[in-house]
Amino acid sequence: MKTLLALLALTLAAPAHEQRIDVALSNFKFTPATIALVHGQSYVLHLTSSGGHSFAARDFFAAATMPAADRAKLKDGKIELDSDRAVDLHFTAPKAGSYPIKCTHLLHASFGMTGKFVVS
Ligand SMILES: [Cu+2]
């Protein structure tokens with residue numbers, strides 16, 4: 001009985017279920033390029049990269065609710081990635097809308113390295 005109560009307490013204390021989204025950065029695209037989200041839902045964005053790229057979504061990250069530790073990984077709404085590095089970003093989706101994503105490395109966006117968050 002004590003064990004059951006302890007388990008129940010753990011379950012109740014756990015944060016709301018987070019949905020994981022994997023996004024891969026490569027020459028010269030985001031996969032997937034369109035990330036569909038639901039307003040108010042919690043997510044963890046798992047970013048991996050082959051080669052040096054950035055994931056820049058200034059408007060999105062400004063509007064999203066994020067733990068301070070995750071916001072600290074961003075610089076001006078952007079995170080730099082390299083092949084040996086995976087990054088997790090936790091956030092709660094902001095109000096409905098379309099928020100652009102791009103790689104800010106020279107010419108990468110013009111080669112097609114763009115994407116978007118679409119929040120409904
Ligand atoms: Cu790039």
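Here are some worked exercises on the structure above, which is a predicted model.

**Exercise 1. The fold in outline**

Work out how many helices and strands the protein has, and in what order the elements run.

*Solution.* Start with the count: the protein has three helices and nine strands. Next, walk along the chain from the N terminus, and the elements read α-β-β-β-β-β-α-α-β-β-β-β. To finish the outline, look at burial: 34% of the 120 residues count as buried.

**Exercise 2. An enclosed strand and its partners**

Find out how much of strand S4 (residues 42–49) is buried, and which strands pair with S4.

*Solution.* Step one is burial. Seven of the eight residues of S4 are buried, so this strand is largely enclosed by the rest of the structure.

Step two is the pairing with S1. S1 and S4 run parallel and are joined by seven bridges. For a landmark in this pairing, take Val44 in S4, which has Arg20 opposite.

Step three is the pairing with strand S7 (residues 87–92). Here the strands run antiparallel, with six bridges between S4 and S7. A useful landmark is Tyr43, whose bridge partner in S7 is Phe91.

**Exercise 3. The copper site**

Identify the atoms that coordinate the copper ion, then assign the geometry of the site.

*Solution.* First, list the donors: His53 through ND1, Cys103 through SG, His108 through ND1 and Met113 through SD, at 2.0 to 2.6 Å. Along the chain, these donors follow the spacing H-x49-C-x4-H-x4-M.

Second, turn to the angles. Those among the four donor atoms span 88 to 134°. Four donors count as tetrahedral if all angles lie between 85 and 135 degrees, so the site of the copper ion is tetrahedral. For reference, the ideal angle for four tetrahedral donors is 109.5 degrees.

Third, check the surroundings of the ligands. His108 and Met113 are both buried, and His53 is buried as well.

**Exercise 4. The strand that holds His53**

Decide whether the faces of strand S5 (residues 53–56) are covered or open, and name the strand that pairs with S5.

*Solution.* Sort the residues by side. His53 and Phe55 lie on one side, with Ser54 and Ala56 on the other, and all of these are buried. Both faces of S5 are therefore covered, given that buried means under 20% relative accessible area.

Now the pairing: S5 and strand S6 (residues 78–81) are antiparallel, with four bridges. Ala56 has Lys78 as its bridge partner in S6.

**Exercise 5. The largest pocket**

Describe the lining of the largest pocket by element and by residue character.

*Solution.* Begin with the volume, which is about 160 Å³. Then go through the lining by stretches of chain. Ala56, Ala57, Arg58 and Asp59 belong to it, as do Lys75, Asp76, Gly77 and Lys78. Pro100, Ile101, Lys102 and Thr104 are also in the lining.

Assign these to elements: helix H2 (58–63) and strand S8 (97–102) each supply at least two residues. S8 gives the most, with three. Finally, sort by character: the lining has four nonpolar, two polar and six charged residues.

**Exercise 6. Backbone features in the loops**

Locate the cis peptide bonds at Phe28 and Pro32, and the positive phi values of Asp76 and Leu107.

*Solution.* Take omega first. The bond from Asn27 to Phe28 is cis, with omega near -10°, and Phe28 sits in the loop between strand S1 (19–26) and strand S2 (29–31). Thr31 and Pro32 are also joined by a cis bond, where omega is about 0°. Pro32 falls in the loop between S2 and strand S3 (34–37).

Then take phi. Asp76 is not a glycine, yet its phi is positive, near 55°. Asp76 lies in the loop between H3 and S6 and counts as exposed, at 54% relative accessibility. Leu107, another residue that is not a glycine, has a positive phi of about 70°. Its place is the loop between S8 and strand S9 (114–119), and at 48% relative accessibility Leu107 is partly exposed.

Notes
Residues are numbered from 1 along each chain as its sequence is written. This is a predicted model: local features need pLDDT of at least 70, side-chain atom pairs count only at pLDDT 80 or more; totals for chains, interfaces and linings use all residues. Side-chain values use heavy atoms; hydrogens and water are left out. Donors are N, O and S atoms within 2.8 Å of the metal (3.2 Å for Na, K and Ca); water is not among the atoms, so sites may look incomplete. Four donors count as tetrahedral if all angles lie between 85 and 135 degrees; four count as square planar and six as octahedral if opposite donors are over 155 degrees apart and all others between 65 and 115; anything else is irregular. Buried means under 20% relative accessible area, exposed over 50%, partly exposed in between (1.4 Å probe, protein chains only). Two strands pair if DSSP finds at least two bridges between them. On a 1 Å grid over the protein atoms alone, a cavity is a set of points where a 1.4 Å probe fits but cannot get out, and a pocket is an open set with protein on both sides within 12 Å along at least five of seven lines; lining residues have an atom within 4 Å of a point. Grid points are joined across faces, edges and corners, and a volume is the space filled by probe spheres set on the points. Ala, Val, Leu, Ile, Met, Phe, Trp, Tyr, Cys and Pro count as nonpolar, Asp, Glu, Lys and Arg as charged, and the others, Gly among them, as polar.
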